[in-house]
Amino acid sequence: MKIVAGRASQVLASRVAAALNCELLPCEFRSFPDGELYTRVDATTLDGEPVAIIQSVTSDTDFVCLLQLIEACEGLDASKISVVIPYLGYARQDKRFKSGEPISVRALARCIFADEVFVINPHSAEALKYFENARSIEALDAAPLLGEHFRKTKNVELIVAPDDGAAALAATVAGRAGLEHDVLEKTRLSAEDVEIKPKTLDVAGRNVALVDDIISTGGTIVKATTLLKELGASEVYVACVHAVLVPGAALRMLNAGVKEVIATDTLETIFSRISVAELIARRLTDTATSK
Ligand code: R5P
């Protein structure tokens, strides 16, 4: 198998290639003067070899790049195309919240033609059913890796989800870490503003880890941290799978008193200290040997 690293997942793809001891195909990415994206996989043929394309989708350009890479690998005669989308953007618009809105993730997902698609912790399971042009679609779960981190560091005593949407993630993280878990109640007032109220938490004097699938503006984490501090929590650590982190998000969280932010490398940030490379490599190996 050969690995193709999309422009948004260069480091992660090279880690997967190293884990699999596979060749990483060089690619060229640049923009035309009018802004259109030029993408090229630097090979003359794949000679009927399977290929895995690894590309997160954080922007419209990333998505176009992913489509270009799939088409390029088809043109190079790959025997099988596996697509790994470490972070699938647009997945928060997984339903029509108002009439006239698109199901954005559906619009994207059905453009992806591949033999198999893997998505790491998609925002909702709902998103996966829209990959109607993939022969197989599967979610990979990075939550145990976050749990393993806290099991080793032993620096927190309680895992907390900032809202119901993150409750299952918190349960898995806590299970692997061997810790208790709880959930806060969140009401979203607008795209930028959320209100958080406590459930039945006893955080006083304890080190707590807030866990979420995505951190974007940091608004959810800031509110939750402020609340936990008011309730007497000692240190508040934060862990997420996908550190989207819009400009200012990290500073906002640290200013709110967050002790440390830990993320996986589905997106390449300064907080990406937990790698999902082995998780991806294992799954690619399993499917390669089962066919
Ligand atoms: C929302 O449902 C997600 O699970 C995250 O809680 C949310 O995307 C975090 O966004 P932000 O960092 O902007 O509050």
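Reader: Which backbone atom of Gly-218 should I look at beside the ligand, and what lies opposite it?

Author: In this predicted model, a backbone N or O atom of Gly-218 lies 2.8 Å from an oxygen atom of the ligand. A backbone N or O atom of Ser-216 likewise lies 2.8 Å from a ligand oxygen, while for Asp-212 a polar side-chain atom lies 2.6 Å from an oxygen atom of the ligand.

Reader: How much of the ligand's accessible area does the protein cover?

Author: The ligand on its own has 370 Å² of accessible area, and the protein covers 88% of it.

Reader: Which elements give two or more residues to the shell around the ligand?

Author: These elements are strand S11 (185–188), strand S13 (208–215) and helix H6 (219–230), and S13 gives the most, with 4 residues.

Reader: Which residues come nearest to the ligand, and how does the shell divide by character?

Author: Of the 14 residues around the ligand, the nearest are Asp-212, Asp-213, Ser-216, Thr-217 and Thr-220. By character, the shell holds 6 charged and 6 polar residues, together with 2 nonpolar ones.

Reader: Turning to Asp-62, is this residue buried or exposed, and why?

Author: The general idea is to compare relative accessibility with a cut-off, and a residue under 20% is called buried. Asp-62 counts as buried because its relative accessibility is 3%. Asp-62 belongs to helix H2, which spans residues 60–75, and, leaving aside residues up to four places away in sequence, Asp-62 touches Arg-7, Ala-8, Gln-55, Ser-56 and Val-57.

Definitions and conventions. Residues are numbered from 1 along each chain as its sequence is written. This is a predicted model: local features need pLDDT of at least 70, side-chain atom pairs count only at pLDDT 80 or more; totals for chains, interfaces and linings use all residues. Side-chain values use heavy atoms; hydrogens and water are left out. Buried means under 20% relative accessible area, exposed over 50%, partly exposed in between (1.4 Å probe, protein chains only). Contact means heavy atoms within 4.5 Å. A residue is near a molecule or strand if one of its heavy atoms lies within 4 Å of it. A polar contact is a pair of N or O atoms within 3.5 Å; within protein, one must be able to donate a hydrogen and the other to accept it, and residues adjacent in sequence count only if both atoms are side-chain atoms. Accessible areas come from the Shrake-Rupley method with a 1.4 Å probe; for residues, only the protein chains shown count as cover. Ala, Val, Leu, Ile, Met, Phe, Trp, Tyr, Cys and Pro count as nonpolar, Asp, Glu, Lys and Arg as charged, and the others, Gly among them, as polar.
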